[in-house]
Amino acid sequence: MCHISSSLRHEDTMPAVWSNHICRFLLALALFGAVLLQHGTAAAQSRRGRDTIHDVVDCAPFLRAWKGATARGWLSTAVVDSAWYSEWMQTLATANPQSAVPWARRAFWVQAWMSCMLVVAHRRMGYRTTRYDTTIVEQDTFVIAGETYCLRDVSLRVVQEFGTASSIALFGMGSTYGPPLAPYAPVAWTVERLMREQMRKVVRSERHVLWDPAADVLQVATWMEPWTEAMRLEAGDVVAFLMPYMDDAMAAGVALRRRYVRVVFSDRLERWKRRRQ
């Protein structure tokens, strides 16, 4: 009799157990749906945000031109001779970036620097120079947004618009000793990302920043030396400025020897031959 009554109680509890499992499953399903809905809403807002940020000028033709000019990893300036490029430079000359949002202004000035740099490089084709020849960036002048600039002035304007010396990583001219060429020309909603990508690429390349733990020396490429004061004003010193862009191993090594680190500006890398066995 006791066995029968216990069996009946077990059968009575079975629907309650299944009910609890179903409720938990439905709750988990509802939470999963809420997460998907929130993600979709955030993505839609992000797309709407990009759509509402308009560039200063219609730059789609220049984006294609820059992609073609850097397609093989080195700079091609053939586009400068086209009639379209003259029209593009006239568009930059008559633009009004002051009425645009900050991201659009930054993208505009980077596009202007890239456009002027292509002209400068085209005019100097075959020209042999040292790295200390400043006429490359100071001799030619351009009208941008109604004012006259040389390439160095446009560089200063780019740094001013970004408010950080990290934007110097965007000034690639195809030089062996300079920063790498940007893989694409930015628009308003990609300009910040491009700057961070380029700066990480610079700092994590031994050609530009090399950490020597044996000597406690951080060797930095000489093209960054003119911007030393801007780095110090922004982060306190050059090491603190570069650390956020280092990889984990380099950043850890520099941090451990922080008090003893010396910054040396040089482009020379010693490569020792392996000893033959």
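Gly 163 follows helix α6 and has a positive phi, near 75°. The model described here is predicted. Helix α6 itself covers residues 151–162, twelve in number. From first C-alpha to last, α6 reaches 17 Å. That span is close to the 16 Å expected at 1.5 Å a residue.

Burial marks many positions of this helix. Leu 151, Val 154, Ser 155 and Arg 157 are buried in α6. So are Val 158, Val 159, Glu 161 and Phe 162. The list thus includes Arg 157 and Glu 161 alongside Leu 151 and Phe 162. The buried residues of α6 pack against three other helices, α4, α5 (135–138) and α7 (191–203). They also pack against strand β2 (147–150).

Helix α4 (residues 102–123) recurs in the largest nonpolar core. That core holds 68 residues. Trp 66, Ile 144, Leu 218 and Leu 242 touch the most other members. Among the contributing elements, α4 gives the most, with twelve residues. In soluble globular proteins, nonpolar side chains tend to be buried together.

Leu 242 illustrates the contacts within the fold. Beyond its neighbours within four places in sequence, Leu 242 is in contact with Met 199, Val 203 and Val 209. Leu 218 and Val 220 complete the set.

The protein as a whole contains ten helices and five strands. Of its 277 residues, 38% are buried. Among contacts with a separation of 6 or more, 66% join residues 24 or more positions apart. The exposed surface comes to about 17,300 Å². Carbon and sulfur atoms supply 55% of that area.

Key:
Residues numbered from 1 in each chain as written. Predicted model: local features only at pLDDT ≥ 70, side-chain atom pairs only at ≥ 80, totals over all residues. Heavy atoms only, no water. Core = buried A, V, L, I, M, F, W, Y, C linked by side-chain atoms within 4.5 Å. Buried < 20%, exposed > 50% of the residue type's maximum accessible area, 1.4 Å probe, protein only. Helix = DSSP H or I, 4+ residues; strand = E, 2+ residues; numbered from the N terminus. Contact = heavy atoms within 4.5 Å. Areas by Shrake-Rupley, 256 points an atom, 1.4 Å probe, with all protein chains shown as cover. Expected span 1.5 Å × (residues − 1).
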